[in-house]
Amino acid sequence: MKELKTINSMWYHANDVAVLLGVCRTKAYDIINELRNQQASMKIPGSTNRYYQKPPRGQIQKSFFCESYSLDVKECDKVLAERRVS
């Protein structure tokens, strides 16, 4: 399995999502794609016609992912760090 490189990044990759949600990588990519589309369709607060930029392919912003699944970013990073050590 590829090394998980999330602690100092603001993005989660498919491998990270797969570990956090207990799904396969293919499903993790589907989840990321769905969240990316959802985030890109959201208006920027205080703006009438500006939308968020779509995140990079295969990645999702940590804060948006955790907010969507009611998770804590620090706890998720801790789980991923423990997974990297073992």
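These legends go with close-up views of a predicted model.

**Figure 1. The whole chain, before zooming in.** The protein chain has 4 helices and 2 strands, and read along the sequence they follow the pattern β-α-α-β-α-α. Of the 86 residues in the chain, 31% are buried. If you take contacts with a separation of 6 or more, 51% of them join residues 24 or more positions apart.

**Figure 2. Helix α1 and what sits around it.** How many of the 8 residues of α1 are buried? The count is 7, so this helix is largely enclosed by the rest of the structure. The buried ones are Ala14, Asn15, Asp16, Val17, Ala18, Val19 and Leu20. The cover over them includes the two helices α3 and α4, helix α2, and the strands β1 (11-13) and β2 (59-61). Right after α1 comes Gly22, with a positive phi near 70°.

**Figure 3. Where α1 meets α2.** The two axes come within 8 Å and cross at roughly 105°. That crossing falls in the 65 to 115 degree range, so α1 and α2 are roughly perpendicular to each other. On the α1 side, look for Ala14, Asn15, Val17, Ala18 and Leu21; on the α2 side, their partners are Arg25, Ala28, Tyr29, Ile31 and Ile32. Sorted by class, this contact has 8 nonpolar residues, 1 polar and 1 charged. Thr26 also belongs to α2, and at 54% relative accessibility it counts as exposed. Its C-alpha atom is 8.1 Å from that of Ala14, and the two residues are 12 apart along the chain.

**Figure 4. Where α1 meets α4.** Here the packing angle is about 100°, and the axes of α1 (residues 14-21) and α4 are 10 Å apart. With that angle, α1 is roughly perpendicular to α4. Helix α1 brings Asp16, Val19 and Leu20 to the contact, while α4 brings Cys76, Val79, Leu80 and Arg83. By class that gives 5 nonpolar residues, 2 charged and no polar ones.

**Figure 5. The largest nonpolar core.** This core has 16 residues. Which of them touch the most other members? They are Tyr12, Val17, Leu20, Leu35, Ile60 and Phe65. The elements giving two or more residues to the core are α1, α2 (25-40), α3 and α4. Helix α1 provides the largest share, with 5 residues.

**Figure 6. The lone salt bridge.** Side chains of opposite charge can pair when their charged atoms come close. A search of the whole structure turns up 1 salt bridge. The partners are Lys62 and Asp77, whose closest N and O atoms are 3.1 Å apart. This pair ties together distant parts of the chain: Lys62 is in helix α3 (residues 62-68) and Asp77 is in helix α4 (residues 73-85), 15 residues apart. Are these two buried or exposed? Both Lys62 and Asp77 are buried.

**Figure 7. Ser70 and its backbone.** Most residues other than glycine have a negative phi. Ser70 is not a glycine, yet its phi is positive, at about 55°. Where along the chain does Ser70 lie? You'll find Ser70 in the loop between α3 and α4. With a relative accessibility of 70%, Ser70 counts as exposed, because the cut-off for that label is over 50%.

**Figure 8. Gln59 in strand β2.** Gln59 is part of strand β2. At 17% relative accessibility, Gln59 counts as buried, since that label applies under 20%. What is Gln59 in contact with, leaving aside its neighbours within four places in sequence? The list runs Trp11, Tyr12, His13, Ile32 and Arg36.

**Figure 9. Ser63 and Met10, brought together across the sequence.** Ser63 lies in helix α3. Its relative accessibility is 41%, so Ser63 counts as partly exposed. Between Ser63 and Met10 the C-alpha to C-alpha distance is 7.9 Å, with the two residues 53 apart in sequence.

Definitions and conventions: Residues are numbered from 1 along each chain as its sequence is written. This is a predicted model: local features need pLDDT of at least 70, side-chain atom pairs count only at pLDDT 80 or more; totals for chains, interfaces and linings use all residues. Side-chain values use heavy atoms; hydrogens and water are left out. A salt bridge is a side-chain nitrogen of Lys or Arg within 4 Å of a carboxyl oxygen of Asp or Glu. Buried means under 20% relative accessible area, exposed over 50%, partly exposed in between (1.4 Å probe, protein chains only). Axes are lines fitted to C-alpha atoms, for helices over the stretch in contact, and angles run from 0 to 180 degrees between N-to-C directions. Angles under 35 degrees count as roughly parallel, over 145 as roughly antiparallel, 65 to 115 as roughly perpendicular and the rest as oblique. Contact means heavy atoms within 4.5 Å. Ala, Val, Leu, Ile, Met, Phe, Trp, Tyr, Cys and Pro count as nonpolar, Asp, Glu, Lys and Arg as charged, and the others, Gly among them, as polar. A nonpolar core is a set of buried Ala, Val, Leu, Ile, Met, Phe, Trp, Tyr and Cys residues joined through side-chain atoms within 4.5 Å.
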